[in-house]
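User: Please take a close look at one part of this structure, the disulfide, and set it in the context of the chain that carries it.

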Amino acid sequence: QVQLVESGGGLVQPGGSLRLSCAASGTILHIVAMGWYRQAPGKQRELVASITSGGSMDYAESVKGRFTISRDNALNTVYLQMNSLKPEDTDVYYCYGRIYYSPGRWNEYWGQGTQVTVSS
C-alpha cells in the first residue's frame, strides 16, 4: 500500500505565503508524477500543479507566477510553495501521485486533503 501524507495548510492573509508538503510512503517502486489538486465545495477538483520524475512541470493558469512545485526524489516528497495568495485560492488542497508499486503495475493515490484559507 502507498500513503500520501500532506502538511502545511492553514490560514494566511491575502498576499501571504504558505508551503505545502506531501510525503509518499509504502511500497513504492517508482513515482511517475506527483502534484496538487484543489477543490471547493460543490465544485470539481482542479489541477493546481504537477511534476514528473523527469522534472517536467505543469501549472494552472490561475497560479502561474505565484506557485512553485518541486520534489525531492530521495524523500518521495513534493512541495508547493504558494506566494501572493489570494482569497480565491481558498480551497482544500489534495496531493496525488501516480506510483508504480510493482513492475508494470501502478495506481493513482490521493492524500487526505489540507485546508488553505486566505482571508484578512
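Analyst: In this predicted model, among contacts in the protein chain between residues at least 6 apart in sequence, 54% join residues at least 24 apart, and the disulfide can be read against that background. The structure holds 1 disulfide, which joins Cys-22 to Cys-95 with an S to S distance of 2.0 Å. The pair links distant parts of the chain, since Cys-22 sits in strand 3 (residues 18-26) and Cys-95 in strand 9 (residues 91-102), 73 residues apart. The torsion about the S-S bond of Cys-22 and Cys-95 is about -85°, and the disulfide is therefore left-handed. As for surroundings, Cys-22 and Cys-95 are both buried, in a protein chain where buried residues make up 40% of the 120 residues.

The two strands that carry these cysteines belong to a chain whose secondary structure comes to 0 helices and 11 strands. The radius of gyration of the protein chain is 14 Å, close to the 14 Å that the globule rule gives for 120 residues, so the chain is as compact as a globular protein of that length. Along its principal axes, the C-alpha trace spans about 50 × 25 × 20 Å.

Turning from the buried pair to the surface, the protein chain exposes about 6400 Å², of which carbon and sulfur atoms supply 47%. The chain has 10 positive and 9 negative side chains, and the centres of these two sets lie 3 Å apart.

Note on methods:
Residues are numbered from 1 along each chain as its sequence is written. This is a predicted model: local features need pLDDT of at least 70, side-chain atom pairs count only at pLDDT 80 or more; totals for chains, interfaces and linings use all residues. Side-chain values use heavy atoms; hydrogens and water are left out. Helices (H or I, at least four residues) and strands (E, at least two) are DSSP runs, numbered from the N terminus. The radius of gyration is taken over C-alpha atoms; the globule rule is 2.2 Å times the number of residues to the power 0.38. Buried means under 20% relative accessible area, exposed over 50%, partly exposed in between (1.4 Å probe, protein chains only). Contact means heavy atoms within 4.5 Å. Accessible areas come from the Shrake-Rupley method with a 1.4 Å probe; for residues, only the protein chains shown count as cover. Lys and Arg count as positive and Asp and Glu as negative; His and the chain ends are not counted. The place of a charge is taken as NZ of Lys, CZ of Arg, CG of Asp or CD of Glu. A disulfide is a pair of cysteine sulfur atoms within 2.5 Å.
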